[in-house]
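Student: Could we go through this model together, one piece at a time? I would like to learn how to read it.

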Amino acid sequence: MKIRYLPHTADIRMKIEGSSLEELFTAGVLGMGNILRDGFCDKNGPFMLKLKIELTAHDETCLLIDFLSEVLSTSYAEKAIFCEVKFFELTTKKIRAEIHGRQQTQGFDEEIKAVTYHEADVQKNNNRDWETLIIFDI
Amino acid sequence: MKIKKADIHKIEDFLWEIPKAFRPNMRVPARVLASEPLLDAIMEDRSLVQLVNVASLPGIKGASLVMPDVHEGYGFPIGGVAATLHPDGAISPGGIGYDINCGVRLLTSDQKIADIKDKLEMLSKEMYAQVPSGMGKGGQIKLSTQEMDEVLLKGAEWAVEKGYGEKRDLAFMESNGRLENADPSLVSDMAKKRGTDQLGTIGSGNHFVEVDYVAEIYEETIAEAFGLSKDQVVILIHTGSRGLGHQVATDYIRQIISAMPNYGIEVPDRELACVPFNSKEGQNYFKAMCAAANYAWCNREVISWEVRNAWRNIFGPTIEPLKLMYDVAHNIAKVETHLVDGKQAQVIVHRKGATRAFGPGFEELPESYKSVGQPVIIPGSMGTCSYVLAGTTRSKELTFGSCCHGAGRRLSRTAAKKQVNAPVLKENLKEKGIFVEAGSFKGIAEEAPIAYKDVNMVVQTVSDSGIARKVAKLRPVVVVKG
């Protein structure tokens, strides 16, 4: 799993890679959690707050963006940051999963307004890994 | 797709055009309002590619437009205007943005800067204490389900009714702080949940409360009508609809992406997702957007109440109350009447990072502003300056009655953080008489003046092009941010 943050004039551009769709989706959640609070997911385990998410979408790109949007909304509603995912079902059009995180009552470092579809394109790269860019509206 | 300078034609001073023939799916030309140096700067990111994409929206009229403060966004460029024909032209949530009715307002005082200079540091700390800022922190008001629906329906009026605002303020807000088409039942439970405790909060990023003084007056008559005078202390507030608005946009972009095939619409970028304005999905989004816009006006009114409390706490209960000069949105869609193909027609004007700038005679303006035009408030970057302008009739001819909304970002947040030593910047600003209260040094570095274009150049361009007149320059003395 790889997570890289790339330059963007006003927002945050993140590139994620994974050897499976599960890894790619997990990278998205982890990368977003570490934006909300710098390094949060790297040092605050175990993540005991568990919530279920179920979604369908047209394709794997919309599914990933819609899933991350749902995780983000849940973060704000629960004042929590999510870092891990347990998958019950993941296809290119459907996800049933449980997200694991921890409450963060101190507030977040960054306000992500939204996970956008702009530049998102989930596909396999030359190494046969899944990858995509994600632009967060800040 | 790469856009070269040779693809851009100069139409007149400060107006540039990428013709409709540039790409087959363009329905109208793409136009840039900028001086040549600003145009060159704009070409450094992907703003113009995004502008060309906007020119392909169904029902778009005139031209897709960007202001001189434009920068690359995600889908629509930030600093853009797109007008589509009412009632069946497209409405696109991306053309408004996730922060629905992000906007600015200016409060005026009867104090001169020289008289309060020794209390500025205390004022900065009191404002930071009174106005909740930063991410994930709630405000003082917790809305019940019924109260939330009232806020979404009534906007700033709700704050006035509940004692968090001044009745006089309502006349001094765009649309009087309330859009009539709001329907709270079309706002999701998640959006309402996110908004429950965020009234009266500014959030983080580029949002702020700032104390300024009037450093220069350019148009005495207009300044007098707006209640502005040299050396006067004023307060600038910049924020929007917070998590509630972000969620409304997220919910409806997702729905509209799914609905587009039903209308045979294809767009070059999913963030341009759109449906006909008069479709069920289009109307649902518009009514939810109006509700979120009302939340934002209520939010800025409650923040003004907090600022007024801080002001009184420092200067005493007998101090003259702060008056609202004006409140304008810069992320919104409105149905307005403009000249289209030689005749007056109703259009849906999308403004994303653009300010309405109507000229003299506009019916909605308070009596005292009718002869001089609508105030346009342009915040600059922290530590530089901001401007008050007045809209003109020329803006109706050139930009669907719109103007720029700020300085416009130049550097990425990462680049700004690499180049700026925030503790040093804070000290340097203090030495210059500017007190900064922020939740983090990271926030200061990301919003440092170096990260932005020169607001003076941006404002000079809109002024020289005739779409707005320079009225006053403001210089900051206190900056409060998340």
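**The sheet of chain B**

Tutor: Happy to, and keep in mind that this is a predicted model. Let us begin with an open sheet in chain B, which has 7 strands in the order S1-S2-S3-S4-S5-S13-S12 and mixed pairing.

Student: Which strands are the edge strands of this sheet?

Tutor: The strand order of this open sheet in chain B is S1-S2-S3-S4-S5-S13-S12. An edge strand here pairs on one side only. The edge strands are S1 (9-12) and S12 (331-340) of chain B.

Student: By what angle are neighbouring strands of this sheet turned against each other on average?

Tutor: For this value the direction of the strands is ignored. On average, neighbouring strands are turned against each other by 30°.

Student: How many bridges join S12(B) to S13(B)?

Tutor: These two strands run antiparallel, and S13(B) covers residues 343-352. Among the bridge partners, Asn331(B) is matched with Lys352(B), and Val335(B) with Ile348(B). The number of bridges joining S12(B) to S13(B) is 10.

Student: Which residue takes a positive phi in the hairpin of S12(B) and S13(B)?

Tutor: Look at the turn of this hairpin, which has 2 residues between the strands. The positive phi is near 50°, and the residue that takes it is Asp341(B).

Student: Which helix packs on the sheet, touching S2, S3, S4 and S5 of chain B?

Tutor: The direction of this helix makes about 155° with that of S4(B). The helix spans residues 47-54 of chain B, and its name is H2.

**Two helices with a buried side**

Student: Why do the buried residues of H5(B) line one face of the helix?

Tutor: In H5 of chain B (residues 145-154), the buried residues are Met148(B), Val151(B) and Leu152(B). Seen down the helix axis, they share a limited arc, so they line one face of H5(B). Their cover includes H6, H7 and H10 of chain B. The arc that holds the buried residues is 95°.

Student: What about H13(B): which residues are buried there?

Tutor: The helix covers residues 422-431 of chain B. Its buried residues span an arc of only 100° around the axis, which puts them on the same side of H13(B). They pack against S18 (435-438) and H14 (441-446) of chain B. The buried residues are Ala422(B), Leu425(B), Lys426(B) and Leu429(B).

Student: And which exposed residues sit on the face of H13(B) turned away from its buried side?

Tutor: Now turn the helix around to see its other face. The exposed residues carried there are Pro423(B), Val424(B), Glu427(B), Asn428(B) and Glu431(B).

Student: Which residue just after H13(B) takes a positive phi?

Tutor: A positive phi also turns up after H5(B), where Gly155(B) has a value near 65°. Just after H13(B), the value is about 90°, and the residue is Gly433(B).

**Looking at chain A**

Student: How far apart are the axes of H1(A) and H3(A)?

Tutor: Two packed helices are described by the angle between their axes and the distance between the axes. H1(A) (residues 21-36) and H3(A) (residues 60-78) pack at about 35°, and their crossing is right-handed. Their axes are 11 Å apart.

Student: How many nonpolar residues are in the contact of H1(A) with H3(A)?

Tutor: The contact includes Phe25(A) and Val29(A) of H1(A), and Leu64(A) and Phe67(A) of H3(A). Besides the nonpolar residues, it has 2 polar and 1 charged. The nonpolar count is 10.

Student: How many residues lie between S4(A) and S5(A) in their hairpin?

Tutor: S4(A) (80-90) and S5(A) (94-103) pair in the antiparallel sense over 9 bridges. In one of the bridges, Phe87(A) has Ala97(A) as its partner. Between the two strands of the hairpin, the number of residues is 3.

**Where the chains touch**

Student: Which helix gives the most to the side of chain B that touches chain A?

Tutor: The contact takes 36 residues from chain B and 26 from chain A. On the side of chain B, S4, H7, H9 and H12 each supply at least two residues. By class, this side has 8 nonpolar, 15 polar and 13 charged residues. With 7 residues, the element that gives the most is H9(B).

Key
Residues are numbered from 1 along each chain as its sequence is written. Chains are lettered from A and ligands numbered from 1 in the order in which they are written. This is a predicted model: local features need pLDDT of at least 70, side-chain atom pairs count only at pLDDT 80 or more; totals for chains, interfaces and linings use all residues. Two residues are in contact if their C-beta atoms, placed from the backbone, lie within 7 Å. Helices (H or I, at least four residues) and strands (E, at least two) are DSSP runs, numbered from the N terminus. Ala, Val, Leu, Ile, Met, Phe, Trp, Tyr, Cys and Pro count as nonpolar, Asp, Glu, Lys and Arg as charged, and the others, Gly among them, as polar. A residue is buried if 20 or more other C-beta atoms lie within 10 Å of its own, exposed if 12 or fewer, and partly exposed in between; C-beta atoms are placed from the backbone. The arc is that of the directions from the helix axis to the C-beta atoms. Two strands pair if DSSP finds at least two bridges between them. Axes are lines fitted to C-alpha atoms, for helices over the stretch in contact, and angles run from 0 to 180 degrees between N-to-C directions. A crossing is left-handed if the near helix is turned anticlockwise from the far one by less than a right angle, and right-handed if clockwise.
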